[in-house]
Every structure is written in structure tokens, then in C-alpha cells.
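Thanks for coming. Please have the sequence and the structure open while I talk.

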Amino acid sequence: MDLASVNEELAEIDGQIGDILRALQNGFQKLDKIKDANRRSRQLEELTDKMRDCKRLIKDFERVSKDEAGRADPETARMLHDRKQSMIKELNSYVALKKQHQSESKRVDLFDGPSVEDGFGEENVLLASNMTNQQLMDQGNQLMDETDQAIARSKQTVQETINVGTETAAALKAQTEQMSRVVNELDSIHFSIKKASQLVKEIGRQVATDRCIMAMLFLIVAGVIAIIIVKIVNPHNKDIPNIPGLAPPVSRRLMR
């Protein structure tokens, strides 16, 4: 029975699921031929995404088929149920294949043997399935030793980084203290310059005051000298008073 005659949405979903199931079949066939672990892992991720999409579409198919089964005859409902079970069975077979490949990949990933695609011969690739238990244990111990060495190198690098960081912090602290001392010295110099400026201003004011006093004294002395001279030259001048402490001039009589 054609699903398009039953429900166009069911037919469309069935077509999408069929395309994904065919893509899964081709993908797993290609996966068997891939030897590189990284490429196998990427291929498995792509196939896992396709299986996830297929599971979502099967749920949509189940939802629409349930709605359609309530309106359809028993034969159509049984056909839809069988179609859904067939798709679930096929999808489960691919899920089992995926788990099998994942298990094989985990066993092969324990070893870092050279890749065939890197130019090495296929005889140099030692698969875990062809190794004895003793070889597996020896390879595992070697891998753990290499891991321990890598961890030791990482610890040494971290310790060196810590030491460099400690030295850098100490240098920064010393530079900070030196800058603090420089700032304090600059503050002291600025304070000294300010005090010197104030002192210079005070000295300037004192010098100006001394000059004024000297000028006044000079004027007073000059005035006194001028009065004395005028008094000596013209003793009978009544407009000029006698200077205290200065005796009046003696009048001389001419002898005949």
C-alpha cells in the first residue's frame, strides 16, 4: 500500500527516514575501510548525528500514524505499525554497529602506532585484536610511562612558571617601593622649594623696608644739614628756628 494514499505527511517522513537509513548503510560500509583513528572517529560522529535525526523522524512517524490509525481501517493501522517496527529494527541494527565500532576504536586508541596514511607500511600497524595479553600489558605500561613523563614535564613547566612569576612579583614590588621613595623625595623637594620661595619673599620685603628706612634717614640727615648750612650762612634769619643742641652763632665786633 502506498503511504501517499494514506497520508502525505507520513509518506514524506517515510521518504526522509529511508534516505537516512541508506546513508547509514553506506556510511558503515565506508567506515570498515578507514584505518586512521581520527577519521574513524569523525565518521562515527557523523553517523551518530544521522541516527539521532532518524530517531526523531521515527517518533514523528509514530505520532502521525497514531492519529491516522484512529481514522483508518485495521489493515492500514497494522501496515503502519509494521512499517514503524521495521524502521526501528533497522535503526537498532545500526546502533549496535556503532557500539561495536566504538569498542574497537577504544581498544586501538590505546596505541600510538604509525598510520598507514602517513607513509608507513601496513605491517607496522599493530591492531589490539591481533595482540597477546602480554603485548597489551606491555604496550599499556609503556603508554602509562609516557603519560607519567608528560605529567612530570608539565609539573616542571608549571614550577618554572611559578618561579618566574615569583621573581617578577618581587621585582615589581622593589620597583614599586623605589617609585614610592622617589615620590617622597619629590614631595620633600617641592616642600623645600616652597619654603625657599617664602623665605625669598620675606627677605625681599625686609630689603624693601630697609631701603625705605634708609631713604627716610637720608632725607632727615640731608634736611638737618641743609638747615645747619642755612643757619650758618644767614644767622639772622628768623624763619629758621634754632636747632636744639646747636649754639647760636657769636656776633663778632670789628676792632677799630
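I will go through the overall make-up, then one helix and its partners, then the salt bridges, and last the record annotations.

A word of caution to begin with: this is a predicted model. Everything I quote is computed from it or comes from a record.

Let me start with the chain as a whole. It has 256 residues, and 17% of them count as buried. The secondary structure is made of 5 helices and 0 strands. Read from the N terminus, the order of elements is therefore α-α-α-α-α. The exposed surface comes to about 20,100 Å², with carbon and sulfur atoms supplying 56% of that area. As for contacts, take those with a separation of 6 or more: 63% of them are between residues 24 or more positions apart.

Now to helix H2, which covers residues 8–31. How far does H2 reach from its first C-alpha to its last? The span is 35 Å for 24 residues, close to the 34 Å expected at 1.5 Å a residue. H2 has a list of buried residues, among them Leu 10, Ile 13, Ile 17, Leu 21 and Leu 24. Two others on that list are Asp 14 and Phe 28, and I will take those in turn, since each has a partner in helix H4.

Phe 28 first. The structure holds 1 aromatic pair. It is made by Phe 28 and Tyr 94, whose ring centres are 5.8 Å apart and whose planes meet at 5°. Planes under 30 degrees apart count as stacked, so this pair is stacked. Where do the two residues sit? Phe 28 is in H2, while Tyr 94 is in H4, which runs over residues 74–108. The pair therefore ties together parts that are 66 residues apart in sequence. Both residues, Phe 28 and Tyr 94, are buried.

Next, Asp 14. It forms a salt bridge with Arg 83, and the closest N and O atoms are 2.6 Å apart. This is again a link between distant parts of the chain, with Asp 14 in H2 and Arg 83 in H4, 69 residues apart. Are the two partners buried or exposed? Asp 14 has a relative accessible area of 16%, which is under the 20% cut-off, so Asp 14 is buried. Arg 83 has 27% relative accessibility and counts as partly exposed.

That salt bridge is one of 7 in the count. Another lies within H2, where the side chains of Arg 22 and Asp 19 meet at 2.3 Å, N to O. These two are 3 residues apart in the helix, so about one helical turn separates them. Arg 22, at 47% relative accessibility, counts as partly exposed. Asp 19 is partly exposed as well, with a relative accessible area of 43%.

Moving on to helix H3, residues 37–69. Here Arg 63 forms a salt bridge with Asp 60, with 4.0 Å between the closest N and O atoms. Arg 63 and Asp 60 are also 3 residues apart, so they too are separated by about one helical turn. Arg 63 is partly exposed at 44% relative accessibility, and Asp 60 is partly exposed at 23%. What else belongs to this network of salt bridges? Arg 56 does: Arg 56, Asp 60 and Arg 63 are linked in a network.

Last, the annotations. UniProt, in an unreviewed entry, places a "coiled-coil region" at residues 37–64. In the model that span is 100% helix and 0% strand, and its end C-alpha atoms lie 41 Å apart. The UniProt record also places a "transmembrane region" at residues 213–233, again from an unreviewed entry. Over residues 213–233 the chain is 100% helix and 0% strand, with 30 Å between the end C-alpha atoms.

To recap the H2 and H4 part: the stacked pair of Phe 28 and Tyr 94 joins these helices, and the salt bridge of Arg 83 and Asp 14 links them as well. That is all I have.

Terms used. Residues are numbered from 1 along each chain as its sequence is written. This is a predicted model: local features need pLDDT of at least 70, side-chain atom pairs count only at pLDDT 80 or more; totals for chains, interfaces and linings use all residues. Side-chain values use heavy atoms; hydrogens and water are left out. Rings of Phe, Tyr and Trp (its six-membered ring) pair if their centres lie within 6.5 Å; planes under 30 degrees apart count as stacked, over 60 as edge-to-face and the rest as tilted. Helices (H or I, at least four residues) and strands (E, at least two) are DSSP runs, numbered from the N terminus. Buried means under 20% relative accessible area, exposed over 50%, partly exposed in between (1.4 Å probe, protein chains only). Contact means heavy atoms within 4.5 Å. Accessible areas come from the Shrake-Rupley method with a 1.4 Å probe; for residues, only the protein chains shown count as cover. The expected span of a helix is 1.5 Å times one less than its number of residues. UniProt positions are given in the numbering used here, feature names are shortened, and annotations may be inferred rather than shown by experiment.
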